[in-house]
Amino acid sequence: MKMFRKWTGSKPQVMKELPSVDDESAQLTSDIGQNELILKQVFQNCSDIIFRKIHISGHTQWLIVYLESLVDDTNLDDHVLRPLMSGYASHDDSAPDEIEGVDDRVLPLGKIQRTSKVTDIVRHLLIGQVAILAAEDTRAMTVAVNGRVQRNPEEPPSELVLRGPRDGFIENISTNMGLLRSRIKTSRLKMEAYTVGELTQTEVVIAYVDGIADDNVIEEVRKRVTSIQIDGVLESGYIEQFIEDLPLSPFPQVNSTERPDVIAAGLLKGKIAILVDTTPFVLLVPMTFWTGLQASEDHYNRSIFATFVRWIRFLFIFISIFAPSLYVAVTTFHQEMIPTNLMLSIAAAREAVPFPALIETLLMETMFEALREAGVRMPRQVGQAVSIVGALVIGQAAVEAGIISAPVVIVVATTGIASFTVPRFNFANGIQLLRFPMILLAGTLGLYGIVLGFLGTLLHVTALRSFGTPYFTPLGPLTYKSLKDVLISAPIWEEAEAMRSSTAGTNNSANVRQGQPSNSNQGNRPSGGN
Amino acid sequence: MKPFMYIGLLLIVLITTGCWDRTEINDIAFVMGTAMDLTDDGNIMGSVQIAIPPSAQGGPGKSRKQEQYFMISAVGKNSSEVIRNLQDKLSRRLFYAHRSVVFVGEPLARHGIKDVLDHFSRDPRTRLRTFIMVAKGNEGREILKIRYPFEQVPSEAVREMEVSKAGLGVTIRDLFIAAASEGINPVMGVIEGAVPSKGMEDSANKIFRLAGAAVFKDFKLAGFLNNKETRGLLWVLDKMKIGRITATIPGDNGNVGMVLTDSKRKITADVRGSRIKIHILLQGNGSLYENNTKLDIGQSENLKLVQAALEKSVEADVQGLLTKAQKKYKVDVIGFGQTIYRDQPKQWKLLREKWDQQFPEVDVSLTVKITIRDTGMAGPPLLLEEKEIKK
């Protein structure tokens, strides 16, 4: 990592030194006018800051400060302004004129904090809370009247399922936490909050199920997350890159998903989730090679079918990496390996093609990647044009013009389809990257090169670790019991049993519910909670 | 920076090795079949049949009828020289891995193929699984010239014929194994070219057919076995996989046909000094496929009759083979010597040197056992009336 920085010649950015109002020790004064000035100085040139004064008996009794853009007006009116004003009007004598009394008697709000530190007030204002300052009081009150615009938790477009819950994480972290809480209703689901990012002050939550997750891994995640030094965190990808074991590997070592059920399943298996505010992508560590090949649906579908689909994926991940390179190697080095009739067909197709097979394949693969990349960000209306151009021009016309041979088009198309069978798209990206060096190796060294490349990849994958877990577990260090969820997708009661035994001795039925229908015809099946 | 240096060095290793055996498909001439012949001055003439990949694409031009293969020949004093001279005539590199058949012209076969064969075992680019055949009464290259309607290249058709187990199917590998083994002499498949099929003599397209086996002695052609004798040979060599047997039923003026589904053979040798007795037991199971007699083979006596007739027919085939091998060519193609070598190695040591003289004197007894497992859906032929059927 250090080496990489030196290589790219980039240095951590140095900020222009600003007049510090973030002085940790700055306190509110007892003069409300002075306090207003302090805050106004902090929020200089911020057009969305509102200072609302409530005058009582000719002097300013309350000063309400908030950022208009982050606060829900209706909530503010109903729960802050009206109680303060009307409370004063109706109970003239008993109306509190200092902070202490207000939260007890006037404000019907849950999350109320009192502080006298300017930095705290500023921080709370910035996350959408309302600060209430009273005259002649050195303390202010911040109340949560959050009203940030948020969308509904709808099905994430990047991870569609046929069967499974249709909700997805959104850009609001508390909603996301709620989605997890609603799935795992136990106090053992811990959520530790941290703030990362000098300027963005992004909330990052580490979630895990106490007693299932490994304490050492939790500690490691804490350590890595808290040591992040960065100005801004805009997406969980930022965090991912910081905490990854080997960022330059093509294989992602942190799983990320928009689906709450995937995260919940991971938490129940002892993994640790990292939620980041303002992004629907939640991270899950540790990740293994095989999680990259598992879809959430695998456990919702019937076991036999899920196993079949999983093997299709195993097959196609191989095709995805090796199909083009095998084609290149066999046609340029090992023509004797192809059955005679197929050989003659390929020879016929290649007869008019001016390029060597290596160049031809690289050309088509690059073209395909370009098409894919163009298609991802293309507005939907234009997308059709791209697919027509892709199919007709690149496919048919190139073959008819004799620039590209038909077998290459078939190989590249198969490869394309194969790479889409990988359920985790960041994992699929890594697989795609491997394809090109493989083609080059095949074009220079033949099958020998492919074997070299395969061995190299295997060495890398087995040496890789994600938060202390070998990446190839449970096949890398072989544990037969865990193979149930790798080579096959075992029925869920098989796995439930494995999960139960791993949490045996605790008195919480986090994974096996009470009253689980005991339709067992086998005695050894779990029949309920403890 | 060290890792980058290492990676750089590794890359150099990868790159500078060069692509030494890298060949594009369109720089290769696929040899599909080879023919070896003897020229008048004692040199070897090699001919190769090369497939022309039909260029289906390449411009809007509609695919016109083009040749799918062509043949070139060259003369040399040995195989290397022939190949060099062949290569001089080609713009593409000769590629032998897809060759399916090697034809040996009869004159060369009679002259001896020893000098030609070594090349096939030495050059790693040739395949030992290539079939090798003698072109009966013909030069090998004449076979390469014959068109065949089915496969893209005629040699491929020959390979298909051999693979289908109808013929002897001797590959170069089989030939070497037989030649290197004790007490057996190699045989080869035989192909006969330009034979008009009966009934269509005036057809312009003369095709080739498998025609039995060729018997070699000291790598020189000793003679041919006809199809019947070859069938007997297949069974005796335990190479028979499937086969059809026909027989005439004595006293009924009709015939039957059966298909063998499995067959076994057992050869036992009894050596007492110079008195050698060989017993051959052939066993076969199969189903009856044709019954042109008036017999109701649903009856077990009739079935026995049919089986006996079939056994007689096989016996005649094998007997014919034995007569030819022992009396005419005096070549042990069946491997009686091998049986003695395996069962009584001590005796073989004494016999080995004079086996060629001993072989014709060997006393051979033959037993054939055929069992019909399945007589089909009908007992007697359906077209007969009830009273015509012999119960």
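Visitor: Before we start, what makes a residue buried, exposed or partly exposed?
Guide: You count the other C-beta atoms within 10 Å of the residue's own. With 20 or more it is buried, and with 12 or fewer it is exposed. Whatever falls in between is called partly exposed. Keep in mind that what we're looking at is a predicted model.

Visitor: Okay, so is A:Gln201 buried, exposed or partly exposed?
Guide: Let's place it before we count: A:Gln201 sits in the loop between β6 (189-196) and β7 (202-209) of chain A. Its phi is near 50°, a positive value, and it isn't a glycine. It has 15 C-beta neighbours inside 10 Å, so A:Gln201 counts as partly exposed.

Visitor: Chain B has a residue with positive phi too, B:Phe219. Why does B:Phe219 count as partly exposed?
Guide: You'll find B:Phe219 in the loop of chain B between β8 (207-217) and β9 (220-225). Its phi is about 60°, although it is not a glycine. B:Phe219 counts as partly exposed because its number of C-beta neighbours inside 10 Å is 17.

Visitor: Which residue does a cis peptide bond join to A:Val285?
Guide: Look at the loop between β10 (282-285) and α10 (303-332) of chain A, where the partner has its place. Omega of this cis bond is about -10°. The residue joined to A:Val285 is A:Pro286.

Visitor: And what is omega for the cis bond between A:Thr473 and A:Pro474?
Guide: A:Pro474 is in a loop of chain A as well, the one between β12 (469-470) and α17 (492-502). For the cis peptide bond from A:Thr473 to A:Pro474, omega is about 0°.

Visitor: Let's zoom out. How far apart are the centres of domain 1 and domain 3 of chain A?
Guide: Chain A is assigned domain 1 (32-144), domain 2 (173-287) and domain 3 (303-470). Its secondary structure comes to 17 helices and twelve strands. Taken over C-alpha atoms, the centres of domain 1 and domain 3 of chain A are separated by 62 Å.

Visitor: Which element gives the largest share of the side of domain 1 of chain B that touches domain 2?
Guide: Chain B is assigned domain 1 (24-56 + 63-225) and domain 2 (227-391). Their contact takes 16 residues from domain 1 and 21 residues from domain 2. On the domain 1 side, the elements giving two or more residues are β8 and β9 of chain B. The largest share, five residues, comes from β8(B).

Visitor: What about the two chains: how many residues does chain A give to the contact with chain B?
Guide: Start with the other side, where chain B gives 23 residues. Those of chain B divide into eleven nonpolar, eight polar and four charged. From chain A, the contact takes 21 residues.

Visitor: Which helix gives the largest share of the largest nonpolar core?
Guide: That core has 103 residues, and those with the most contacts inside it include B:Phe103, B:Met133 and B:Ile191. Leaving out residues up to four places away in sequence, B:Met133 touches B:Val101, B:Phe103, B:Met188, B:Gly189, B:Val190 and B:Ile191. The largest share of the core, nine residues, comes from residues 300-329 of chain B, helix α9.

Visitor: How many residues are in the second, separate core?
Guide: This one includes A:Ile317, A:Ile321, A:Phe333 and A:Ile431. Of the 530 residues of chain A, 34% count as buried. The second, separate core has 39 residues.

How values were computed:
Residues numbered from 1 in each chain as written. Chains lettered and ligands numbered in written order. Predicted model: local features only at pLDDT ≥ 70, side-chain atom pairs only at ≥ 80, totals over all residues. Contact = placed C-beta atoms within 7 Å. Nonpolar A, V, L, I, M, F, W, Y, C, P; charged D, E, K, R; others polar. Helix = DSSP H or I, 4+ residues; strand = E, 2+ residues; numbered from the N terminus. Domains from an automatic or database assignment. Core = buried A, V, L, I, M, F, W, Y, C linked by C-beta atoms within 7 Å.
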